[in-house]
Amino acid sequence: MFKLPICPHCKAVYYYRDTVKTSKTKKSTCHSCGREFNVKKKAGFAVLSAIIFIVAIIVNLILLNTLSFFSAAALLTATIIVILTGILFYPYFISFKK
């Protein structure tokens, strides 16, 4: 599930940075063979969203149990950090189709 896409024509490897650039378009051209392909989100993108959601809830529950006082700023900061970390995994849920 967690793997970066490859060109469907020549099997050229796309690295993280290349995948991020390519994911913003619906069609792209291979940097190796020059042929066009479609850029699509994998079906597992919903799984990534669920993972982010569950981890954010767990982190917030841990913070609520360990903090001696209620701090909305701490909960908000933890949630933002979890969401931003989850966004870093977005390129792993992109696929290239002919």
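In the hairpin formed by strands E1 and E2 of this predicted model, six residues lie between the two strands, and Gly-34 adopts a positive phi near 80 degrees. The strands that flank this turn, E1 at residues 27-29 and E2 at residues 36-41, run antiparallel to one another and are joined over three bridges. Within that pairing, Thr-29 is placed opposite Glu-36 of E2. Lys-27, which also belongs to E1, has a relative accessible area of 53% and is therefore exposed, the cut-off being over 50%. Once its neighbours within four places in sequence are set aside, Lys-27 has contacts with Glu-36, Phe-37 and Asn-38.

E2 also pairs with strand E3 (residues 94-97), again in the antiparallel sense, and here over four bridges. Asn-38, named above as a contact of Lys-27, stands opposite Lys-97 of E3 in this second pairing. As general background, side chains in a regular strand alternate between the two faces of the sheet.

Seen over its whole length, the chain contains three helices and three strands, arranged along the sequence in the pattern α-β-β-α-α-β. The radius of gyration is 18 Å, whereas the globule rule gives 13 Å for 98 residues, so the chain is more spread out than a compact globule. Along the principal axes, the C-alpha atoms fill a box of roughly 60 × 20 × 20 Å. Two pairs of residues give a sense of the distances within the chain: Lys-27 and Leu-63, 36 residues apart in sequence, have C-alpha atoms separated by 43 Å, while for Val-47 and Thr-85, 38 residues apart along the chain, the C-alpha separation is 15 Å. Of the contacts between residues at least 6 apart in sequence, 57% join residues at least 24 apart.

Turning to the interior, 28% of the 98 residues are buried, and the accessible surface of the chain amounts to about 6700 Å², with 68% of that area belonging to carbon and sulfur atoms. In soluble globular proteins, nonpolar side chains tend to be buried together. Here the largest nonpolar core is made of eight residues, namely Cys-7, Ala-12, Tyr-14, Cys-30, Phe-37, Val-39, Ile-94 and Phe-96, and E2 and E3 each contribute at least two residues to it. Tyr-14, a member of this core, has contacts beyond its neighbours within four places in sequence that include Cys-7, Cys-30, Phe-37 and Phe-96, along with others such as Leu-4, Pro-5, Thr-29 and His-31. A second core, separate from the one that holds Tyr-14, has five residues, among them Leu-48, Ile-52, Ala-56 and Phe-93.

Helix H2, which spans residues 45-66, is the place of Val-47, and this residue counts as partly exposed because its relative accessibility is 35%. Further along H2 lies Asn-60, which is buried because its relative accessible area is 17%, under the 20% cut-off. Leaving out neighbours within four places in sequence, Asn-60 is in contact with Leu-75, Ala-78 and Thr-79. Its C-alpha atom is 28 Å from that of Lys-42, a residue 18 places away in sequence.

The cysteines deserve a separate look, and for them it helps to recall that a disulfide is a covalent bond between the sulfur atoms of two cysteines. How many disulfides does the structure hold? The model holds zero disulfides. Cys-10 takes part in none, and the nearest cysteine sulfur to it, that of Cys-30, is 3.7 Å away. For Cys-33, the closest cysteine sulfur is also in Cys-30, at 3.7 Å, and therefore too far for a bond, since a disulfide is counted within 2.5 Å. Cys-10 is partly exposed at 33% relative accessibility, and Cys-33 is likewise partly exposed, at 32%, whereas Cys-30 belongs to the eight-residue core described above.

One further backbone feature lies in the segment before helix H1 (16-22), where Lys-11 is found. Lys-11 has a positive phi of about 65 degrees although it is not a glycine, and with 53% relative accessibility it counts as exposed.

Technical notes: Residues numbered from 1 in each chain as written. Predicted model: local features only at pLDDT ≥ 70, side-chain atom pairs only at ≥ 80, totals over all residues. Heavy atoms only, no water. Pairing = 2+ DSSP bridges. Rg over C-alpha atoms; globule rule 2.2 N^0.38 Å. Buried < 20%, exposed > 50% of the residue type's maximum accessible area, 1.4 Å probe, protein only. Contact = heavy atoms within 4.5 Å. Areas by Shrake-Rupley, 256 points an atom, 1.4 Å probe, with all protein chains shown as cover. Core = buried A, V, L, I, M, F, W, Y, C linked by side-chain atoms within 4.5 Å.
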